[in-house]
Amino acid sequence: MPTIRSLRAFVLTMEQGSLTLAAQKMNLSQPAASRLLSQLEEEFGAPLFFRDSKTLTPSREAELLYPEATRVLASFEELPQIMSALKTDATMPLKVVGQMRCTLGLVVPAVAQLNKEYPDVPIDLDVHKRAELRRRTTWDRFDVGVFAMPLHIDFAEVILSLSATCYVILPKAHPLAARDGVTPDDLAGIDYVTVREALVGRTIVENTLLEAGYEIPVKHEVSNAFAAVSLVRDGLGFMIADRFTIDHAHFDDISMVPLTPAPVIEYAICVSRDMRVHPLRSRLIEILIERLKADRPNPSHAIS
């Protein structure tokens, strides 16, 4: 039978991409961690990694084992918390998982509102980059998840999806910041700040503009939307994003001007299929829906 230690060594090696780093996480020597992996490979009856002088490459068997191994570890690591809660009749934490792009503008304010209503209930908030979400949610059970679509999420059920309108984000002092709305033509000559090409937010924005016959040249490119907002706030240009991308702390320094055509980001509220129902799950979902619906575009801002 695989041991918890061998499974942990395997999972950490997969996530760290390095046996040395996995050993450090476990406070083990590299040879000791290697023996744990070898024991697991012997038990599994197949090589889990292909080794060369510099890297470890996961085998097909490792990719298949990873979700189950992480699920087992997650359940095992929850046992002390579950047993303590049973002994003390304490409230279990509400487990929330969010995509990084909407965490500060949507998930954190919703969680803060819930905490004001129910201050005694602990909350466990887990935030992931989009590239990590599918792998992480395959094994990590959660009560409520918030993700930008499209994204196929294993072991999760979409309760509702709602759209969020994208705006032109500008420094407060910019001449266009006081306008009721702009078109891409109005943005000519202003530097465009955006996230990297592979990220879904940029893809949706650029596809919407291309369908309307617009192509805006990129001046500054960054790895995440939070960095883009910071550059805009400091006067490096404009970006196009929905308001849930923006940390509330930046609202005093930037303006959000309606754009025509207006790209739309679809957000999904999800729950784990195999998670017990937390008593506050429905209330958090209600708060998230209220915030998402409050963002629906005002028809008076449309530009003819």
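Begin by selecting strands β6 and β10 (residues 254-258) in this predicted model. The two strands pair in the antiparallel sense over five bridges. Within this pairing, Leu170 stands opposite Ser255 of β10.

Keep β6 in view and add strand β9 (residues 239-242), with which β6 forms four bridges, again in the antiparallel sense. Here, Ile169 has Met239 of β9 as its bridge partner. Next, add β11: nine bridges join β6 to β11, and these strands also run antiparallel. Thr165 may be highlighted together with Val264 in β11, which stands opposite Thr165.

Turn now to the interior. The largest nonpolar core has 41 residues. Select Val168, Leu187, Phe238, Ile240, Tyr267, Leu284 and Leu288, the residues with the most contacts inside this core. Among the elements that give two or more residues to the core are β6 (156-171), β11 (264-272), α7 (200-211) and α9 (281-293). In soluble globular proteins, nonpolar side chains tend to be buried together.

Centre the view on Leu187. Leaving aside neighbours within four places in sequence, Leu187 is in contact with Val168, Leu176, Val182, Ile216 and Phe238. Another core, of 16 residues, lies apart from the largest one; its members include Leu7, Ala23, Leu40 and Ala62.

Finally, move to the surface and select Leu104, Val108, Leu125 and Val127. These four residues make a nonpolar surface patch of about 240 Å². Both α5 (100-117) and β4 (123-128) supply at least two residues of the patch. Is Val127, in strand β4, buried or partly exposed? Val127 is partly exposed, because its relative accessible area is 31%.

Key. Residues are numbered from 1 along each chain as its sequence is written. This is a predicted model: local features need pLDDT of at least 70, side-chain atom pairs count only at pLDDT 80 or more; totals for chains, interfaces and linings use all residues. Side-chain values use heavy atoms; hydrogens and water are left out. Patches are made of residues with over 30% relative accessible area and no salt bridge: like charges are joined within 9 Å, nonpolar side chains (Val, Leu, Ile, Met, Phe, Trp, Tyr) within 5 Å. Accessible areas come from the Shrake-Rupley method with a 1.4 Å probe; for residues, only the protein chains shown count as cover. A salt bridge is a side-chain nitrogen of Lys or Arg within 4 Å of a carboxyl oxygen of Asp or Glu. Buried means under 20% relative accessible area, exposed over 50%, partly exposed in between (1.4 Å probe, protein chains only). A nonpolar core is a set of buried Ala, Val, Leu, Ile, Met, Phe, Trp, Tyr and Cys residues joined through side-chain atoms within 4.5 Å. Contact means heavy atoms within 4.5 Å. Two strands pair if DSSP finds at least two bridges between them.
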